[in-house]
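Subject: Handing over the structure

Hello,

Here is the structure I promised to pass on to you. Please have a look at it first, and then read my notes below.

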Amino acid sequence: MQARGEATPAFAGGGGYGWKRRLREAMPPWLAEYVLVLLGSALSVGLLALRTDLKTVGTAAFADPGWDRHLYIEMARRGIFEFRLAPYCWRVLEPALAGASPFSLQASFMTVTFATLVALGPAIYALVRAGGFSRAHGVIAALLFFSLGWGPKFVVSDFWVPDALGTLFLVMAMIFAVRKRPLEMAVTLAAGVLAKESVLFAAPLFYTLNARSLLDRRQLRTTLLVVAPALVVLVGLRLLIPEANGDLRYIGTMPPVISRFPEIFPPYSYIDRFNDIGREFRWGDRAWGDFDSYFTDPFGLAVLGLALIGAARAPLFALRLSPFFLLVYSQLLFATDTQRLLVLGYPALALLAMTGLDCVGGWGRVRAGLFVPAAVALFALVLIHRDRYDSPLLLQAAVLTVWLAAAWSMRFLPEALRARIRLETAAAPST
């Protein structure tokens with residue numbers, strides 16, 4: 001991945017004086033950069049919380065029986081070694097944190113989830129920066145992440161689930177894969193699978209992003225060593241917490257919101273899950289309408305479109321990311337949820353999308369920073385409806401059309417005016 005030019009963070013004001021200059025003088029430049037992104041991330045999460053129906057105790061949405069939230073609540077209430085309904089019983093980290101908190105379970109789950117979501121903004125930003133992109137690219141990637149209704153907005157609403165915590169570990173693991181930091185990635189994967197086993201999807205990236213040839217034995221050995229601790233943790237969890245699915249006596253000890261539906265907890269087997277979900281549910285009931293739930297619903301038009309352009313521009317890089325995408329989509333063969341699972345593919349799509357953004361910017365001879373208003377508009381779309389997670393596709397298309405028209409029109413501006421615009425969006429001093 002080639003290094004890109006620097007661009008001014010969207011959360012920073014113009015010029016180099018006043019509060020911005022004092023901030024740079026009070027702390028190292030790189031820290032000031034991430035503080036600004038963190039503040040923008042906190043603002044985004046706050047707006048999502050204000051414009052989302054939270055599934056808090058006492059609401060009709062919370063009381064809906066049989067859903068994941070009740071299982072994680074019961075795990076926190078009983079203790080992680082006393083809850084044995086798979087696969088939830090092996091996602092111990094967030095329920096353990098909530099159960100150990102001195103506050104109510106609702107406040108504890110909400111605190112862990114919201115704090116994790118706020119941290120994900122700087123994490124996405126750091127991943128894009130580690131990929132060699134500018135500050136503006138990082139800010140755009142973070143804004144586009146918060147515009148994913150089936151990502152942050154869903155998790156804000158159903159803050160009981162460990163999706164955000166698992167995603168944070170996955171993004172951190174990807175950062176270490178890009179930076180070629182095997183020890184840090186091994187620790188991150190081992191800790192991350194305690195939150196959710198899908199964190200392990202990042203593991204192949206340490207090989208595919210760093211291998212010098214199709215079969216790089218040295219890199220393969222290093223990758224196996226990186227993955228080994230996480231595999232030991234996964235196996236250890238299954239040995240320490242044996243499942244009790246299908247045990248009607250054990251399920252009967254659960255609260256009615258869980259015990260009334262013993263049929264949704266049959267003995268847990270990946271082969272049975274594949275036959276029931278992958279073959280009968282996904283393949284047997286396939287339809288063209290599934291395209292939306294598999295692609296546009298979880299990621300939106302902007303991310304998908306730019307990522308496709310980026311893949312065409314950098315096909316080898318897209319190929320290196322392909323094992324990760326295959327693992328993300330393999331979830332559909334074993335789990336009934338769709339959009340909320342596929343959102344996990346966003347961090348890798350963001351890297352391709354930023355490459356695509358550079359390509360589109362080259363057509364219009366504009367800098368990536370000029371896409372920031374469009375990213376803000378796309379985030380605003382997800383705030384329109386409190387009770388739905390996807391943004392209207394027509395409005396997404398309208399935002400992109402306006403931005404493309406503006407970018408294309410830049411080709412016809414006088415050179416002096418284009419130079420002035422480039423100067424105004426030029427990079428701040430490199431960090």
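The notes below go through the largest pocket, the aromatic rings and one lysine.

Please keep in mind that this is a predicted model.

Let me begin with the largest pocket, which holds about 1,100 Å³ of space. Its lining is made up of 38 residues, and those closest to the centre are Pro87, Tyr268, Arg273, Phe334 and Ala335. Four elements give two or more residues to this lining: α12 (217-240), α15 (270-283), α17 (315-330) and α18 (339-342). Among these, α15 gives the most, with five residues. As for the character of the lining, 20 of its residues are nonpolar, 11 are charged and seven are polar.

Next come the aromatic rings. The structure has 18 aromatic pairs. In one of them, tyrosine 268 meets tyrosine 270 edge-to-face, with 5.5 Å from centre to centre and 75° between the planes. Is tyrosine 268 buried or exposed? Tyrosine 268 counts as buried, because its relative accessibility of 16% falls under the 20% cut-off. Its partner, tyrosine 270, counts as partly exposed at 43%.

Another pair joins phenylalanine 274 and phenylalanine 334; this one is tilted, with the centres 6.2 Å apart and an angle of 45° between the planes. Phenylalanine 274 sits in helix α15 and phenylalanine 334 in the loop between α17 and α18, so the pair links distant parts of the chain, 60 residues apart. Both rings belong to partly exposed residues: phenylalanine 274 has a relative accessible area of 31%, and phenylalanine 334 has one of 26%. If you would like to see these rings together, select Trp90, Tyr268, Tyr270, Phe274 and Phe334, which form one aromatic cluster. Two members of that cluster, Tyr268 and Phe334, may look familiar, as they are also among the residues closest to the centre of the largest pocket.

Finally, a word on lysine 196. Where is lysine 196 found? Look in the loop between α10 (182-192) and α11 (205-208). Lysine 196 counts as buried, because its relative accessibility is 9% and the cut-off is under 20%. Its side chain makes a polar contact with the side chain of aspartate 163, at 3.3 Å. Leaving aside residues up to four places away in sequence, lysine 196 touches Arg91, Asp163, Gly166, Arg340 and Leu341.

I hope you enjoy exploring it.

Best wishes

Methods:
Residues numbered from 1 in each chain as written. Predicted model: local features only at pLDDT ≥ 70, side-chain atom pairs only at ≥ 80, totals over all residues. Heavy atoms only, no water. Buried < 20%, exposed > 50% of the residue type's maximum accessible area, 1.4 Å probe, protein only. Polar contact = N/O pair within 3.5 Å; in protein donor to acceptor, adjacent residues only side chain to side chain. Contact = heavy atoms within 4.5 Å. 1 Å grid on protein atoms, 1.4 Å probe; cavity = no way out; pocket = protein on both sides within 12 Å on 5 of 7 lines; lining within 4 Å. Points joined across faces, edges and corners; volume = space filled by probe spheres on them. Nonpolar A, V, L, I, M, F, W, Y, C, P; charged D, E, K, R; others polar. Phe/Tyr/Trp six-rings, centres within 6.5 Å; stacked < 30°, edge-to-face > 60°.
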